[in-house]
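Opened a fresh notebook page for this one. I want to go through the sheet, the ligand site and one arginine, in that order.

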Amino acid sequence: MTKLTQSTLWPQLEQHSAKLPHMRTLFESDSERFDKMSLSACGLFLDYSKNRATDETLKLLVSLAEECNLTAKIQAMFKGEIINNTEKRAVLHTALRANSDQDIRVDGINIVPEVKQTQAKMAKFVDAVTSGQWLGYTGKKITDIVAIGIGGSFLGPKIVTQALRPYWNPSLNCHFVANVDATSLVEKLRLVNPETTLFIMSSKSFGTQETLTNTLSAKDWFLANGGCQADVAKHFVAVTSNVTKATEFGMDADNIFPMWDWVGGRYSLWSAIGLPIALLIGMDNFYALLDGAKAMDEHFLHAPIEKNMPAIMGLFSLLYGNFHQAQSHVVLTYDHYLRGLPAYFQQLDMESNGKSVTLNGETVNYSTGPVIWGGEGTNGQHAYHQLIHQGTPLIPADFILPLQSHNPLGEHHQQLASNCFGQTQAMMQGRTYEEALAELSHSQLSDEEKNLIAKHKVMPGNKPSNTLLMNKLTPGTLGALIALYEHRTFVQGAIWDINSFDQWGVELGKTLGNDVLARLKADSDANELDASSNGLINKFRRASI
Ligand code: F6P
(Lines give C-alpha, C1' and ligand atoms only; values in the text may rest on other atoms or scores of the structure.)
Protein backbone atom coordinates (compact mmCIF):
# COMPACT_ATOMS: atom_id res chain seq x y z
CA MET A 1 0.00 0.00 0.00
CA THR A 2 1.33 3.46 -0.85
CA LYS A 3 1.61 6.23 1.70
CA LEU A 4 -1.13 8.15 -0.09
CA THR A 5 -3.83 5.50 0.28
CA GLN A 6 -2.71 4.80 3.85
CA SER A 7 -3.67 8.34 4.80
CA THR A 8 -6.82 8.42 6.92
CA LEU A 9 -8.05 11.13 4.57
CA TRP A 10 -8.23 8.67 1.68
CA PRO A 11 -11.14 6.56 3.04
CA GLN A 12 -12.75 9.72 4.38
CA LEU A 13 -12.76 11.21 0.88
CA GLU A 14 -14.10 7.93 -0.51
CA GLN A 15 -17.00 7.81 1.95
CA HIS A 16 -17.70 11.51 1.73
CA SER A 17 -17.76 11.45 -2.12
CA ALA A 18 -20.18 8.53 -2.17
CA LYS A 19 -22.80 10.30 -0.07
CA LEU A 20 -22.75 13.82 -1.51
CA PRO A 21 -26.16 15.12 -2.62
CA HIS A 22 -26.84 15.96 -6.29
CA MET A 23 -25.44 19.34 -7.33
CA ARG A 24 -28.97 20.61 -7.94
CA THR A 25 -29.66 20.16 -4.26
CA LEU A 26 -26.40 21.87 -3.35
CA PHE A 27 -27.39 24.91 -5.42
CA GLU A 28 -30.96 24.93 -4.06
CA SER A 29 -29.73 24.87 -0.50
CA ASP A 30 -27.18 27.67 -0.83
CA SER A 31 -27.95 30.81 -2.83
CA GLU A 32 -24.41 32.07 -2.28
CA ARG A 33 -22.70 29.03 -3.74
CA PHE A 34 -21.45 30.93 -6.82
CA ASP A 35 -19.91 33.70 -4.70
CA LYS A 36 -18.37 31.24 -2.29
CA MET A 37 -17.00 28.93 -4.93
CA SER A 38 -15.42 31.30 -7.42
CA LEU A 39 -12.09 33.02 -7.53
CA SER A 40 -10.24 35.73 -9.49
CA ALA A 41 -6.50 35.72 -10.14
CA CYS A 42 -4.15 37.13 -12.77
CA GLY A 43 -6.91 38.30 -15.11
CA LEU A 44 -8.76 34.97 -14.90
CA PHE A 45 -12.04 34.20 -13.17
CA LEU A 46 -12.78 30.63 -12.11
CA ASP A 47 -16.29 29.45 -11.28
CA TYR A 48 -15.85 26.09 -9.56
CA SER A 49 -19.31 26.00 -8.00
CA LYS A 50 -20.54 23.37 -10.46
CA ASN A 51 -18.40 20.67 -8.86
CA ARG A 52 -19.45 17.76 -6.68
CA ALA A 53 -18.26 19.52 -3.60
CA THR A 54 -19.25 21.13 -0.32
CA ASP A 55 -17.14 23.00 2.23
CA GLU A 56 -16.37 19.61 3.74
CA THR A 57 -15.07 18.26 0.38
CA LEU A 58 -12.76 21.23 0.03
CA LYS A 59 -11.58 20.85 3.62
CA LEU A 60 -10.72 17.20 3.02
CA LEU A 61 -8.95 17.95 -0.26
CA VAL A 62 -6.96 20.81 1.24
CA SER A 63 -5.98 18.58 4.18
CA LEU A 64 -4.81 15.92 1.73
CA ALA A 65 -2.73 18.53 -0.10
CA GLU A 66 -1.24 19.67 3.20
CA GLU A 67 -0.49 16.12 4.29
CA CYS A 68 1.30 15.61 0.96
CA ASN A 69 3.39 18.75 1.63
CA LEU A 70 2.09 20.51 -1.46
CA THR A 71 3.30 23.95 -0.37
CA ALA A 72 6.82 22.70 0.36
CA LYS A 73 6.88 20.88 -2.98
CA ILE A 74 5.84 24.05 -4.84
CA GLN A 75 8.60 25.98 -3.09
CA ALA A 76 11.14 23.26 -3.93
CA MET A 77 10.30 23.55 -7.63
CA PHE A 78 10.60 27.34 -7.66
CA LYS A 79 13.90 27.18 -5.74
CA GLY A 80 15.45 24.86 -8.30
CA GLU A 81 15.72 21.70 -6.19
CA ILE A 82 16.33 18.51 -8.18
CA ILE A 83 12.68 17.41 -8.22
CA ASN A 84 13.02 15.51 -11.52
CA ASN A 85 14.77 12.69 -9.67
CA THR A 86 15.16 10.20 -12.54
CA GLU A 87 16.93 12.69 -14.79
CA LYS A 88 18.56 14.48 -11.84
CA ARG A 89 17.32 17.85 -13.03
CA ALA A 90 15.80 20.97 -11.59
CA VAL A 91 12.45 22.03 -13.07
CA LEU A 92 12.65 25.74 -13.72
CA HIS A 93 10.36 26.84 -16.52
CA THR A 94 9.27 29.43 -13.95
CA ALA A 95 12.79 30.97 -14.13
CA LEU A 96 12.07 31.81 -17.78
CA ARG A 97 9.44 34.26 -16.52
CA ALA A 98 11.55 35.63 -13.66
CA ASN A 99 12.47 39.29 -13.15
CA SER A 100 16.09 40.20 -13.88
CA ASP A 101 16.82 40.92 -10.20
CA GLN A 102 15.83 37.39 -9.10
CA ASP A 103 18.50 34.92 -8.07
CA ILE A 104 17.64 31.33 -9.02
CA ARG A 105 20.48 28.86 -8.77
CA VAL A 106 21.28 25.64 -10.59
CA ASP A 107 24.52 23.98 -9.43
CA GLY A 108 25.29 27.13 -7.47
CA ILE A 109 25.06 29.45 -10.48
CA ASN A 110 22.36 32.09 -10.91
CA ILE A 111 20.61 31.19 -14.18
CA VAL A 112 18.57 34.39 -14.54
CA PRO A 113 21.32 36.40 -16.33
CA GLU A 114 21.62 33.63 -18.95
CA VAL A 115 17.83 33.67 -19.45
CA LYS A 116 17.90 37.43 -19.93
CA GLN A 117 20.86 37.23 -22.35
CA THR A 118 18.94 34.75 -24.47
CA GLN A 119 15.87 36.98 -24.42
CA ALA A 120 18.08 39.88 -25.54
CA LYS A 121 19.44 37.73 -28.38
CA MET A 122 15.86 36.85 -29.36
CA ALA A 123 14.86 40.53 -29.24
CA LYS A 124 17.78 41.49 -31.50
CA PHE A 125 16.91 38.75 -33.94
CA VAL A 126 13.20 39.61 -33.98
CA ASP A 127 14.08 43.23 -34.63
CA ALA A 128 16.53 42.31 -37.42
CA VAL A 129 14.01 40.07 -39.18
CA THR A 130 10.99 42.32 -38.83
CA SER A 131 12.82 45.55 -39.67
CA GLY A 132 14.24 44.06 -42.84
CA GLN A 133 17.83 44.27 -41.66
CA TRP A 134 18.02 40.45 -41.88
CA LEU A 135 17.52 39.59 -45.53
CA GLY A 136 17.31 36.40 -47.51
CA TYR A 137 20.00 35.34 -49.96
CA THR A 138 18.62 37.47 -52.82
CA GLY A 139 18.28 40.54 -50.62
CA LYS A 140 14.54 40.18 -49.99
CA LYS A 141 12.77 40.54 -46.64
CA ILE A 142 11.68 37.42 -44.76
CA THR A 143 7.94 36.83 -45.24
CA ASP A 144 7.52 33.26 -43.98
CA ILE A 145 8.70 31.29 -40.97
CA VAL A 146 8.73 27.51 -41.19
CA ALA A 147 9.09 26.17 -37.64
CA ILE A 148 10.29 22.57 -37.46
CA GLY A 149 9.99 20.67 -34.17
CA ILE A 150 7.81 18.11 -32.45
CA GLY A 151 6.16 17.55 -29.05
CA GLY A 152 6.94 20.44 -26.73
CA SER A 153 9.17 21.98 -29.38
CA PHE A 154 6.12 22.32 -31.62
CA LEU A 155 2.84 22.42 -29.73
CA GLY A 156 3.59 25.44 -27.51
CA PRO A 157 4.74 27.78 -30.31
CA LYS A 158 1.99 26.54 -32.62
CA ILE A 159 -0.87 26.90 -30.17
CA VAL A 160 0.28 30.27 -28.84
CA THR A 161 0.79 31.81 -32.27
CA GLN A 162 -2.61 30.45 -33.29
CA ALA A 163 -4.22 31.89 -30.15
CA LEU A 164 -2.59 35.30 -30.61
CA ARG A 165 -3.45 35.71 -34.28
CA PRO A 166 -4.83 39.26 -33.74
CA TYR A 167 -1.36 40.33 -32.56
CA TRP A 168 0.57 39.08 -35.61
CA ASN A 169 2.96 41.24 -37.58
CA PRO A 170 0.98 41.56 -40.83
CA SER A 171 4.04 41.09 -43.01
CA LEU A 172 4.96 37.66 -41.58
CA ASN A 173 3.35 34.26 -41.89
CA CYS A 174 4.17 31.12 -39.93
CA HIS A 175 3.94 27.40 -40.76
CA PHE A 176 4.62 24.46 -38.46
CA VAL A 177 6.05 21.09 -39.43
CA ALA A 178 6.22 18.27 -36.88
CA ASN A 179 5.33 14.91 -38.41
CA VAL A 180 8.04 12.90 -40.16
CA ASP A 181 5.41 12.12 -42.81
CA ALA A 182 6.90 13.99 -45.79
CA THR A 183 3.43 15.23 -46.71
CA SER A 184 3.49 17.58 -43.76
CA LEU A 185 6.71 19.24 -44.96
CA VAL A 186 5.97 19.09 -48.68
CA GLU A 187 2.57 20.74 -48.27
CA LYS A 188 4.15 23.61 -46.29
CA LEU A 189 7.04 24.05 -48.75
CA ARG A 190 4.48 24.49 -51.53
CA LEU A 191 3.34 27.66 -49.79
CA VAL A 192 6.71 29.37 -49.43
CA ASN A 193 9.53 30.90 -51.47
CA PRO A 194 13.13 29.92 -50.54
CA GLU A 195 14.29 33.52 -51.01
CA THR A 196 12.00 34.83 -48.28
CA THR A 197 11.66 31.88 -45.90
CA LEU A 198 13.34 31.43 -42.54
CA PHE A 199 13.49 27.92 -41.07
CA ILE A 200 13.61 27.60 -37.29
CA MET A 201 14.63 24.15 -36.12
CA SER A 202 13.60 23.59 -32.51
CA SER A 203 14.84 20.56 -30.64
CA LYS A 204 15.86 20.57 -27.02
CA SER A 205 17.93 17.40 -27.47
CA PHE A 206 18.91 17.96 -31.09
CA GLY A 207 18.45 14.22 -31.42
CA THR A 208 14.81 13.82 -32.40
CA GLN A 209 14.50 11.83 -35.61
CA GLU A 210 11.48 13.65 -37.01
CA THR A 211 13.00 17.10 -36.53
CA LEU A 212 16.43 16.17 -37.90
CA THR A 213 14.91 14.49 -40.96
CA ASN A 214 12.54 17.36 -41.69
CA THR A 215 15.36 19.91 -41.31
CA LEU A 216 17.67 18.00 -43.65
CA SER A 217 14.89 17.71 -46.24
CA ALA A 218 14.06 21.41 -45.88
CA LYS A 219 17.75 22.21 -46.43
CA ASP A 220 17.84 19.96 -49.54
CA TRP A 221 14.77 21.79 -50.85
CA PHE A 222 16.43 25.15 -50.17
CA LEU A 223 19.61 24.07 -52.01
CA ALA A 224 17.63 22.60 -54.90
CA ASN A 225 15.57 25.76 -55.32
CA GLY A 226 18.17 28.47 -55.71
CA GLY A 227 20.03 28.68 -52.41
CA CYS A 228 23.65 27.58 -52.05
CA GLN A 229 25.56 26.29 -49.01
CA ALA A 230 26.88 29.77 -48.17
CA ASP A 231 23.26 31.05 -48.03
CA VAL A 232 22.09 28.48 -45.50
CA ALA A 233 23.02 30.65 -42.51
CA LYS A 234 20.63 33.35 -43.70
CA HIS A 235 17.74 30.91 -43.76
CA PHE A 236 18.28 28.34 -41.00
CA VAL A 237 18.46 28.97 -37.26
CA ALA A 238 18.17 26.51 -34.37
CA VAL A 239 16.95 26.45 -30.78
CA THR A 240 18.50 23.73 -28.64
CA SER A 241 20.12 22.84 -25.34
CA ASN A 242 22.68 20.81 -27.30
CA VAL A 243 24.66 23.61 -28.95
CA THR A 244 27.59 21.29 -29.75
CA LYS A 245 25.40 18.88 -31.71
CA ALA A 246 23.73 21.77 -33.55
CA THR A 247 27.11 23.15 -34.60
CA GLU A 248 28.24 19.69 -35.74
CA PHE A 249 25.02 19.46 -37.77
CA GLY A 250 26.10 22.57 -39.67
CA MET A 251 24.15 25.30 -37.89
CA ASP A 252 25.98 28.61 -37.78
CA ALA A 253 27.04 29.19 -34.14
CA ASP A 254 25.58 32.74 -34.19
CA ASN A 255 22.23 31.33 -35.29
CA ILE A 256 21.81 28.97 -32.34
CA PHE A 257 19.55 30.05 -29.51
CA PRO A 258 20.25 28.14 -26.31
CA MET A 259 17.86 26.51 -23.87
CA TRP A 260 18.65 24.38 -20.85
CA ASP A 261 18.05 20.91 -19.49
CA TRP A 262 16.21 22.40 -16.51
CA VAL A 263 13.36 23.28 -18.91
CA GLY A 264 11.13 20.33 -19.80
CA GLY A 265 10.14 20.09 -23.48
CA ARG A 266 6.44 20.49 -22.73
CA TYR A 267 7.18 23.52 -20.53
CA SER A 268 9.50 25.24 -22.99
CA LEU A 269 7.43 27.74 -24.98
CA TRP A 270 8.66 30.48 -22.62
CA SER A 271 12.28 29.89 -23.68
CA ALA A 272 13.82 30.50 -27.11
CA ILE A 273 11.58 27.63 -28.25
CA GLY A 274 9.07 30.51 -28.33
CA LEU A 275 11.07 32.26 -31.08
CA PRO A 276 8.32 31.76 -33.71
CA ILE A 277 5.88 33.35 -31.26
CA ALA A 278 8.18 36.32 -30.64
CA LEU A 279 8.69 36.83 -34.38
CA LEU A 280 4.97 36.79 -35.07
CA ILE A 281 3.65 38.87 -32.17
CA GLY A 282 6.75 40.98 -31.44
CA MET A 283 8.98 40.95 -28.40
CA ASP A 284 6.82 43.28 -26.28
CA ASN A 285 3.87 40.93 -26.63
CA PHE A 286 6.15 37.97 -25.91
CA TYR A 287 7.22 39.69 -22.68
CA ALA A 288 3.53 40.30 -21.86
CA LEU A 289 2.92 36.54 -22.30
CA LEU A 290 5.78 35.84 -19.87
CA ASP A 291 4.42 38.44 -17.43
CA GLY A 292 0.99 36.77 -17.46
CA ALA A 293 2.61 33.46 -16.60
CA LYS A 294 4.76 35.14 -13.96
CA ALA A 295 1.65 36.57 -12.29
CA MET A 296 0.22 33.03 -12.12
CA ASP A 297 3.55 31.79 -10.69
CA GLU A 298 3.33 34.34 -7.89
CA HIS A 299 -0.28 33.40 -7.20
CA PHE A 300 0.58 29.68 -7.14
CA LEU A 301 3.53 30.26 -4.85
CA HIS A 302 1.81 32.55 -2.36
CA ALA A 303 -1.97 32.00 -2.30
CA PRO A 304 -3.23 29.63 0.41
CA ILE A 305 -4.29 26.27 -1.01
CA GLU A 306 -8.01 26.94 -0.56
CA LYS A 307 -7.73 30.15 -2.61
CA ASN A 308 -5.12 28.89 -5.06
CA MET A 309 -6.52 28.50 -8.58
CA PRO A 310 -4.15 25.79 -9.86
CA ALA A 311 -4.46 23.92 -6.55
CA ILE A 312 -8.25 23.99 -6.63
CA MET A 313 -8.40 22.79 -10.22
CA GLY A 314 -5.81 20.09 -9.59
CA LEU A 315 -7.57 18.88 -6.45
CA PHE A 316 -10.93 18.63 -8.19
CA SER A 317 -9.44 16.69 -11.06
CA LEU A 318 -7.86 14.31 -8.54
CA LEU A 319 -11.19 14.02 -6.73
CA TYR A 320 -12.93 12.79 -9.86
CA GLY A 321 -10.14 10.44 -10.94
CA ASN A 322 -9.60 8.87 -7.55
CA PHE A 323 -13.02 9.02 -5.90
CA HIS A 324 -15.54 9.13 -8.75
CA GLN A 325 -13.78 6.83 -11.27
CA ALA A 326 -13.48 9.49 -13.99
CA GLN A 327 -10.90 8.45 -16.55
CA SER A 328 -10.88 11.48 -18.78
CA HIS A 329 -11.15 15.23 -18.56
CA VAL A 330 -12.44 17.45 -21.35
CA VAL A 331 -11.25 20.99 -22.12
CA LEU A 332 -13.76 23.02 -24.13
CA THR A 333 -12.59 26.36 -25.48
CA TYR A 334 -15.32 28.78 -26.46
CA ASP A 335 -13.01 30.86 -28.64
CA HIS A 336 -11.87 29.91 -32.12
CA TYR A 337 -8.37 31.26 -31.45
CA LEU A 338 -8.06 28.81 -28.54
CA ARG A 339 -9.06 25.80 -30.61
CA GLY A 340 -5.62 24.21 -30.28
CA LEU A 341 -5.36 24.54 -26.52
CA PRO A 342 -6.85 21.11 -25.68
CA ALA A 343 -4.06 19.44 -27.71
CA TYR A 344 -1.47 21.50 -25.87
CA PHE A 345 -2.93 20.62 -22.46
CA GLN A 346 -3.10 17.00 -23.61
CA GLN A 347 0.67 16.77 -24.01
CA LEU A 348 1.28 18.86 -20.91
CA ASP A 349 -0.83 16.67 -18.66
CA MET A 350 -0.58 13.22 -20.23
CA GLU A 351 3.18 13.25 -20.75
CA SER A 352 3.63 14.68 -17.25
CA ASN A 353 1.24 12.55 -15.23
CA GLY A 354 0.95 9.38 -17.30
CA LYS A 355 3.02 7.50 -14.72
CA SER A 356 2.53 4.32 -12.68
CA VAL A 357 5.27 4.42 -10.05
CA THR A 358 5.93 6.85 -7.23
CA LEU A 359 9.13 8.87 -6.98
CA ASN A 360 10.81 6.02 -5.13
CA GLY A 361 9.66 3.39 -7.60
CA GLU A 362 6.68 1.92 -5.77
CA THR A 363 3.76 0.88 -8.02
CA VAL A 364 0.79 3.17 -7.41
CA ASN A 365 -2.51 1.70 -6.24
CA TYR A 366 -4.61 4.65 -7.44
CA SER A 367 -5.34 6.25 -10.80
CA THR A 368 -2.96 8.95 -11.98
CA GLY A 369 -3.26 11.19 -15.05
CA PRO A 370 -6.57 11.04 -16.89
CA VAL A 371 -7.01 11.18 -20.66
CA ILE A 372 -7.15 14.87 -21.60
CA TRP A 373 -9.11 15.69 -24.70
CA GLY A 374 -11.41 18.35 -26.01
CA GLY A 375 -12.07 20.86 -28.72
CA GLU A 376 -13.69 24.07 -29.66
CA GLY A 377 -17.15 25.12 -28.53
CA THR A 378 -19.75 25.19 -29.97
CA ASN A 379 -18.68 22.52 -32.48
CA GLY A 380 -18.40 19.74 -29.89
CA GLN A 381 -22.00 20.34 -28.77
CA HIS A 382 -23.12 18.88 -32.07
CA ALA A 383 -20.87 15.88 -31.70
CA TYR A 384 -19.35 14.40 -28.54
CA HIS A 385 -21.28 16.39 -25.91
CA GLN A 386 -23.94 13.69 -26.15
CA LEU A 387 -21.59 11.32 -24.34
CA ILE A 388 -20.79 13.96 -21.74
CA HIS A 389 -24.48 14.52 -20.99
CA GLN A 390 -25.93 11.02 -21.22
CA GLY A 391 -23.06 8.55 -21.59
CA THR A 392 -22.02 6.20 -18.81
CA PRO A 393 -18.52 7.59 -18.06
CA LEU A 394 -18.13 10.62 -15.86
CA ILE A 395 -16.26 13.34 -17.79
CA PRO A 396 -15.44 16.47 -15.82
CA ALA A 397 -15.11 19.52 -18.06
CA ASP A 398 -13.36 22.86 -18.20
CA PHE A 399 -15.14 25.58 -20.18
CA ILE A 400 -12.97 28.53 -21.25
CA LEU A 401 -14.51 31.75 -22.54
CA PRO A 402 -13.19 35.29 -23.11
CA LEU A 403 -15.93 37.81 -22.25
CA GLN A 404 -15.07 40.01 -25.23
CA SER A 405 -14.40 38.82 -28.74
CA HIS A 406 -11.59 40.04 -30.97
CA ASN A 407 -14.13 39.91 -33.77
CA PRO A 408 -17.42 41.33 -32.51
CA LEU A 409 -20.07 40.65 -35.11
CA GLY A 410 -23.82 40.91 -34.60
CA GLU A 411 -24.85 38.71 -31.69
CA HIS A 412 -22.32 35.95 -32.38
CA HIS A 413 -20.53 36.43 -29.10
CA GLN A 414 -23.73 36.44 -27.04
CA GLN A 415 -24.75 33.22 -28.73
CA LEU A 416 -21.34 31.72 -28.08
CA ALA A 417 -21.52 32.66 -24.39
CA SER A 418 -25.09 31.42 -24.07
CA ASN A 419 -24.05 28.04 -25.43
CA CYS A 420 -21.11 27.87 -23.06
CA PHE A 421 -23.14 28.71 -19.95
CA GLY A 422 -26.10 26.62 -21.15
CA GLN A 423 -23.86 23.56 -21.43
CA THR A 424 -22.51 23.91 -17.90
CA GLN A 425 -26.07 24.35 -16.64
CA ALA A 426 -27.32 21.28 -18.52
CA MET A 427 -24.43 19.20 -17.21
CA MET A 428 -25.10 20.28 -13.66
CA GLN A 429 -28.90 20.12 -13.43
CA GLY A 430 -29.70 17.43 -16.00
CA ARG A 431 -33.35 16.57 -16.65
CA THR A 432 -35.46 14.29 -14.49
CA TYR A 433 -38.00 11.76 -15.78
CA GLU A 434 -40.82 13.93 -14.48
CA GLU A 435 -39.47 17.01 -16.27
CA ALA A 436 -39.05 15.05 -19.50
CA LEU A 437 -42.62 13.74 -19.20
CA ALA A 438 -43.97 17.23 -18.53
CA GLU A 439 -42.21 18.50 -21.68
CA LEU A 440 -44.12 15.86 -23.64
CA SER A 441 -47.49 16.61 -22.07
CA HIS A 442 -48.85 18.48 -25.13
CA SER A 443 -47.59 15.99 -27.71
CA GLN A 444 -49.87 13.63 -29.62
CA LEU A 445 -47.99 10.56 -28.38
CA SER A 446 -49.71 7.79 -26.46
CA ASP A 447 -48.94 7.50 -22.74
CA GLU A 448 -46.83 4.45 -23.46
CA GLU A 449 -44.79 6.33 -26.07
CA LYS A 450 -44.44 9.36 -23.79
CA ASN A 451 -43.14 7.08 -21.07
CA LEU A 452 -40.56 5.57 -23.43
CA ILE A 453 -39.37 8.88 -24.88
CA ALA A 454 -39.21 10.47 -21.44
CA LYS A 455 -36.85 7.70 -20.32
CA HIS A 456 -34.56 8.46 -23.26
CA LYS A 457 -34.67 12.17 -22.49
CA VAL A 458 -33.60 11.78 -18.87
CA MET A 459 -30.22 13.37 -18.20
CA PRO A 460 -28.71 12.48 -14.86
CA GLY A 461 -26.94 15.84 -14.42
CA ASN A 462 -24.51 16.16 -11.52
CA LYS A 463 -21.75 16.35 -14.15
CA PRO A 464 -18.96 18.59 -12.91
CA SER A 465 -17.47 21.55 -14.72
CA ASN A 466 -15.22 24.54 -14.14
CA THR A 467 -15.80 27.74 -16.07
CA LEU A 468 -12.82 29.97 -16.73
CA LEU A 469 -13.44 33.51 -17.95
CA MET A 470 -11.11 36.31 -18.97
CA ASN A 471 -12.02 39.78 -20.19
CA LYS A 472 -10.23 39.33 -23.47
CA LEU A 473 -7.74 36.91 -24.92
CA THR A 474 -4.44 38.84 -24.72
CA PRO A 475 -0.81 37.74 -24.44
CA GLY A 476 -1.09 38.35 -20.68
CA THR A 477 -4.27 36.37 -20.08
CA LEU A 478 -3.02 33.55 -22.31
CA GLY A 479 0.25 33.39 -20.36
CA ALA A 480 -1.69 33.16 -17.09
CA LEU A 481 -4.01 30.50 -18.52
CA ILE A 482 -1.20 28.24 -19.73
CA ALA A 483 0.75 28.64 -16.48
CA LEU A 484 -2.47 27.79 -14.60
CA TYR A 485 -2.63 24.42 -16.38
CA GLU A 486 1.10 23.81 -15.88
CA HIS A 487 0.67 24.27 -12.15
CA ARG A 488 -2.58 22.32 -12.04
CA THR A 489 -0.65 19.40 -13.53
CA PHE A 490 2.07 19.88 -10.90
CA VAL A 491 -0.46 19.79 -8.05
CA GLN A 492 -1.78 16.39 -9.09
CA GLY A 493 1.68 14.95 -9.64
CA ALA A 494 2.78 16.24 -6.22
CA ILE A 495 -0.13 14.54 -4.45
CA TRP A 496 0.24 11.31 -6.43
CA ASP A 497 3.95 11.42 -5.52
CA ILE A 498 5.01 10.78 -9.12
CA ASN A 499 7.66 12.43 -11.27
CA SER A 500 5.73 14.78 -13.58
CA PHE A 501 8.90 15.81 -15.39
CA ASP A 502 10.36 12.74 -17.05
CA GLN A 503 8.91 10.77 -20.00
CA TRP A 504 10.52 7.33 -20.08
CA GLY A 505 7.38 5.85 -21.61
CA VAL A 506 8.10 7.40 -25.00
CA GLU A 507 11.65 6.02 -25.18
CA LEU A 508 10.99 2.34 -25.95
CA GLY A 509 8.91 3.16 -29.02
CA LYS A 510 11.71 5.43 -30.30
CA THR A 511 14.36 2.72 -29.82
CA LEU A 512 12.27 0.01 -31.43
CA GLY A 513 11.36 2.40 -34.25
CA ASN A 514 15.06 2.77 -35.08
CA ASP A 515 15.53 -1.00 -35.02
CA VAL A 516 12.55 -1.44 -37.35
CA LEU A 517 13.93 1.22 -39.70
CA ALA A 518 17.14 -0.79 -40.07
CA ARG A 519 15.07 -3.90 -40.87
CA LEU A 520 12.95 -2.01 -43.44
CA LYS A 521 16.17 -0.99 -45.19
CA ALA A 522 17.85 -4.40 -44.90
CA ASP A 523 18.45 -6.70 -47.90
CA SER A 524 16.43 -9.58 -46.55
CA ASP A 525 13.10 -10.19 -44.86
CA ALA A 526 12.76 -9.75 -41.11
CA ASN A 527 12.44 -13.06 -39.25
CA GLU A 528 13.87 -12.44 -35.79
CA LEU A 529 10.99 -10.54 -34.24
CA ASP A 530 7.50 -11.62 -33.21
CA ALA A 531 5.32 -12.90 -36.04
CA SER A 532 3.23 -9.75 -36.25
CA SER A 533 6.20 -7.37 -36.41
CA ASN A 534 8.02 -9.58 -38.96
CA GLY A 535 4.83 -9.78 -41.05
CA LEU A 536 4.21 -6.02 -41.07
CA ILE A 537 7.83 -5.16 -41.87
CA ASN A 538 7.91 -7.65 -44.73
CA LYS A 539 4.63 -6.40 -46.19
CA PHE A 540 6.06 -2.87 -46.25
CA ARG A 541 9.36 -4.07 -47.78
CA ARG A 542 7.54 -5.87 -50.58
CA ALA A 543 5.30 -2.88 -51.31
CA SER A 544 8.31 -0.59 -51.69
CA ILE A 545 10.31 -2.85 -54.05
O1 F6P B 1 9.21 12.11 -27.48
C2 F6P B 1 8.79 13.00 -26.52
C3 F6P B 1 9.65 14.20 -26.46
O4 F6P B 1 10.82 13.88 -25.82
C5 F6P B 1 8.94 15.38 -25.76
O6 F6P B 1 9.05 15.34 -24.39
C7 F6P B 1 9.62 16.54 -26.40
O8 F6P B 1 8.91 17.73 -26.23
C9 F6P B 1 9.69 16.08 -27.83
O10 F6P B 1 9.96 14.71 -27.75
C11 F6P B 1 10.70 16.77 -28.69
O12 F6P B 1 12.00 16.66 -28.17
P13 F6P B 1 13.15 17.60 -28.66
O14 F6P B 1 12.78 19.00 -28.34
O15 F6P B 1 14.36 17.16 -27.88
O16 F6P B 1 13.33 17.41 -30.13
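My notes below follow that order, and I keep in mind that this is a predicted model.

**Entry 1: the sheet**

I started with the strand order. I read it as β1-β2-β13-β12-β10-β11, an open sheet of six strands with mixed pairing. Which strands stand at the edges? They are β1 (38–41) and β11 (371–376); each has a single partner strand, so one side of each is left without a neighbour in the sheet. I also looked up the twist, which averages 15° from one strand to the next.

Next I picked out one pair. Strand β12, residues 397–402, runs parallel to strand β13, residues 465–470, and six bridges link the two. For a register mark I noted that F399 stands opposite T467 in β13.

**Entry 2: helices across the sheet**

I then checked what lies across these strands. Helix α16 (residues 341–353) lies across β10 (328–333), β11 and β12, and its angle to β11 is about 170°. Helix α18 (residues 412–429) lies across β12 and β13, at about 160° to β12. So that I don't forget: β12 is crossed by α16 and also by α18.

**Entry 3: the ligand**

How many residues surround the ligand? I get 14, and the closest are G152, S153, S203, S205 and T208.

I went through the polar distances to ligand oxygen atoms one by one. For T208, an N or O atom of the side chain sits 2.5 Å from such an oxygen. S205 places a polar side-chain atom 2.6 Å from an oxygen atom of the ligand. K204 comes in through its backbone instead, with an N or O atom 2.7 Å from a ligand oxygen. As for cover, the ligand on its own has 390 Å² of accessible area, and the protein covers 87% of that.

**Entry 4: R52**

Last stop was R52, in the loop between β2 (44–47) and α5 (55–67). Is R52 buried or exposed? Its relative accessibility is 17%, and the cut-off for buried is under 20%, so R52 counts as buried.

I listed its contacts, leaving out residues up to four places away in sequence: L20, M23, T57, L319, Y320, H324, L394, N462 and P464. Two of these partners also turn up with polar atoms. The side chains of R52 and H324 share a polar contact of 3.2 Å. With N462 the partner atom is the backbone oxygen, 2.8 Å from a polar atom of the R52 side chain.

One more distance for the page: R52 and S328 are 276 residues apart in sequence, and their C-alpha atoms are 16 Å apart in space.

Methods:
Residues are numbered from 1 along each chain as its sequence is written. This is a predicted model: local features need pLDDT of at least 70, side-chain atom pairs count only at pLDDT 80 or more; totals for chains, interfaces and linings use all residues. Side-chain values use heavy atoms; hydrogens and water are left out. Two strands pair if DSSP finds at least two bridges between them. Helices (H or I, at least four residues) and strands (E, at least two) are DSSP runs, numbered from the N terminus. Axes are lines fitted to C-alpha atoms, for helices over the stretch in contact, and angles run from 0 to 180 degrees between N-to-C directions. Contact means heavy atoms within 4.5 Å. A residue is near a molecule or strand if one of its heavy atoms lies within 4 Å of it. A polar contact is a pair of N or O atoms within 3.5 Å; within protein, one must be able to donate a hydrogen and the other to accept it, and residues adjacent in sequence count only if both atoms are side-chain atoms. Accessible areas come from the Shrake-Rupley method with a 1.4 Å probe; for residues, only the protein chains shown count as cover. Buried means under 20% relative accessible area, exposed over 50%, partly exposed in between (1.4 Å probe, protein chains only).
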